[in-house]
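Biologist: Can you walk me through this one? I'd like to start with the RNA side and then get to the helices.

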Amino acid sequence: MTTPRLRFAPSPTGYLHLGGARTALFNWLYARRQGGTFILRIEDTDAGRSSDEMVSGILDGLRWLGIDWDEGPEVGGPHAPYFQSQRLDRHRAAARDLVGRGLAYEDEGAIRFRVPAGRTTFVDSVHGPIEFDNEHIESFVILRSDTQPTYHLSVVVDDIDMRVTHVVRGDDHISNTPKQVLLYQALGAAPPAFAHVPLIMGPDKKRLSKRHGATSVMEYEKQGYLPEAMFNFLALLGWGTGSDDEIFTRDELIARFTLLGISGGNAVFNTEKLDWFNHQHLLRLDNDALISRLRGRLAAAGYWRDALDGADRDWFIRVLALLKPRAKTLNAFVEQVSPFFTEPLAYDGGGVKKHLSTAGMQAHVRSLRDAFAALDVWNEATLEQALRALADARGVKAGALIQAARLAATGRMVSPGLFEMLVLLGRDGVLGRLDRMMETVWSAATS
RNA sequence: GCCGGUAUCGUCUAGGGGUCAGGACACGUGGUUCUCAGCCACGGGACCGGGGUUCGAAUCCCCGUACCGGUACCA
């Protein structure tokens with residue numbers, strides 16, 4: 001029994017899209033599960049649409065997801081080259097061989113495969129046995145009149161050369177498969193095992209395309225999704241582990257993966273569920289990991305300072321703890337962390353109207369500021385006690401003062417719990433923010 | 001048109017001749033509460049249709065329908 005060899009063979013269209021990513025992932029999962037080899041082969045025969053840039057876009061996407069390859073671009077391997085455009089001689093030789101043996105023939109300069117009568121069958125790991133009547137298979141071109149091989153010829157030749165044992169690819173290739181099986185037979189090679197995985201559809205059940213927004217995996221990276229969350233989500237889209245668990249690491253997925261578990265129907269890409277997966281993986285990150293994932297984005301926002309990794313680390317971890325239940329993406333963290341790094345530049349208009357324009361609020365806020373300033377100990381309990389006592393004394397609801405203070409602290413109507421936040425903002429930070437709000441909001445009015 | 005594939009809550013799925021058809025996301029209600037999120041509890045929600053086979057069908061078979069894919073000197 002030979003060890004399985006699988007390949008992912010994208011044509012470089014510029015980026016790795018979700019469907020391709022999942023196909024790659026299933027191949028990788030199977031190879032890793034079986035202790036086999038995962039090959040990456042670039043099908044760049046369409047020279048006009050291919051470039052080095054596009055190839056690296058795909059490599060970046062795979063690397064981001066944590067999908068590594070044992071043979072292929074940059075790492076080489078015993079069956080190099082791994083670019084289809086560099087294997088043209090092999091394809092042409094195969095075509096000549098078939099013509100020589102009468103299994104293909106020239107037709108106006110192109111070479112067509114002579115499809116024999118009969119039926120062609122193969123067993124698909126996902127769909128079971130599939131049978132085609134050869135009379136529905138056209139005598140297809142394998143070598144164009146410009147001597148460029150067509151897809152059918154080149155995949156088969158390359159897969160034979162690279163000793164590929166399992167072809168796991170999109171459902172859209174099912175009807176190509178009998179042609180390729182015929183080619184394997186004509187070339188005297190045993191066809192590999194096939195597994196055709198269902199396609200990923202948009203919410204409208206139409207094939208995923210730019211119309212559906214982000215379709216490049218790197219676009220999700222930009223939006224602050226974790227690669228392990230995307231990996232987990234994609235793996236479970238069209239594949240069931242058979243258990244009720246949903247959150248898995250890559251290793252756990254490898255341990256459970258089987259081609260038989262792949263479902264036959266198309267799957268709709270659901271962003272809400274991706275968000276949930278992302279949140280779950282975010283919660284599982286330890287502090288060091290979370291901080292390092294956040295670092296670049298914080299720097300880009302101008303919030304990063306090295307002390308966050310040193311003297312301020314404990315403080316920062318407490319800030320992150322407040323945000324964890326609320327932030328579903330890395331970008332959401334950055335967005336929500338801003339009040340801890342900078343004073344509000346503006347106050348939510350609706351919030352001002354709703355919470356600050358009530359009668360006497362200006363005086364209440366001033367008293368609150370004074371009460372906070374007078375505190376001996378600055379912690380959650382003392383802050384809350386001071387605010388509630390003041391609310392009682394002035395005959396207002398604590399909630400009203402809390403909302404006002406929240407606006408002062410963050411400029412927003414929504415935030416983590418007020419008192420835990422005020423503790424982390426520190427006395428100076430809080431008093432300054434209250435002063436600033438009073439100046440800004442009530443400057444025009446008589447003070 | 002022809003060929004092929006698929007069909008379980010809105011979505012991802014589990015199951016598969018006898019189950020209260022299970023879970024997750026989303027959704028609704030209540031609780032916790034200073035907002036939001038989270039958390040907890042509860043709830044609504046599905047076997048595409050029609051024929052068979054069978055004591056019994058969502059499950060097996062056939063037909064239909066819908067959807068997806070292919071039908072290129074694209075990949």
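**Around the RNA**

Modeller: The surface near RNA strand B has 21 nonpolar, 19 polar and 18 charged residues. Here Ala, Val, Leu, Ile, Met, Phe, Trp, Tyr, Cys and Pro count as nonpolar, Asp, Glu, Lys and Arg as charged, and the others, Gly among them, as polar. This is a predicted model, where local features need pLDDT of at least 70 and side-chain atom pairs pLDDT 80 or more, while totals for chains, interfaces and linings use all residues. Residues are numbered from 1 along each chain as its sequence is written, chains are lettered from A and ligands numbered from 1 in the order written, and side-chain values use heavy atoms, without hydrogens and water.

Biologist: Which residues come nearest to RNA strand B?

Modeller: Arg144, Gly238, Pro325, Arg388 and Arg406, out of 58 residues around the strand. A residue is near if one of its heavy atoms lies within 4 Å.

Biologist: And which elements supply the surface near RNA strand B?

Modeller: Strands E4 (110-113), E6 (128-133) and E11 (267-268), plus helices H9 (271-284), H16 (398-410) and H17, each give at least two residues. Those are DSSP runs numbered from the N terminus, with at least four residues for helices (H or I) and at least two for strands (E).

Biologist: What share of the RNA strand B atoms within 4 Å of the protein belongs to sugar or phosphate?

Modeller: It's 74%, and the rest belong to bases.

Biologist: Which part of RNA strand B does histidine 127 meet?

Modeller: A side-chain N or O atom of histidine 127 is 3.0 Å from a sugar or linking oxygen of the strand. For the bases, a backbone N or O atom of serine 145 sits 2.9 Å from a base oxygen, and a polar backbone atom of leucine 418 is 3.1 Å from a base nitrogen.

Biologist: OK, helices. At what angle do H15 and H17 cross?

Modeller: Roughly 120 degrees, with the axes of H15 (residues 380-394) and H17 (residues 418-442) coming within 9 Å. So H15 is oblique to H17. Axes are lines fitted to C-alpha atoms, for helices over the stretch in contact, and angles run from 0 to 180 degrees between N-to-C directions. Under 35 degrees counts as roughly parallel, over 145 as roughly antiparallel, 65 to 115 as roughly perpendicular and the rest as oblique.

Biologist: Which residues make that contact between H15 and H17?

Modeller: Glu380, Leu383, Glu384 and Leu387 of H15, with Leu418, Phe419, Glu420, Leu422 and Val423 of H17. Contact means heavy atoms within 4.5 Å. By class there are six nonpolar, no polar and three charged residues.

Biologist: How far apart are the axes of H14 and H15?

Modeller: They are 10 Å apart, and H14 (residues 361-373) packs on H15 at about 140 degrees. That makes H14 oblique to H15. The H14 residues in contact are Ala363, His364, Ser367, Leu368 and Phe372, and those of H15 are Leu383, Ala386, Leu387, Leu390 and Arg394.

Biologist: Last topic, backbone oddities. Where is there a cis peptide bond?

Modeller: Between alanine 80 and proline 81, with omega about 0 degrees. Proline 81 is in the loop between helix H2 (52-65) and helix H3 (88-100). Most residues other than glycine have a negative phi, and most peptide bonds are trans.

Biologist: What is phi of glutamate 108?

Modeller: Near 55 degrees, a positive value in a residue that isn't glycine. Glutamate 108 is in the loop between strand E3 (104-107) and E4.

Note on methods:
A polar contact is a pair of N or O atoms within 3.5 Å; within protein, one must be able to donate a hydrogen and the other to accept it, and residues adjacent in sequence count only if both atoms are side-chain atoms.
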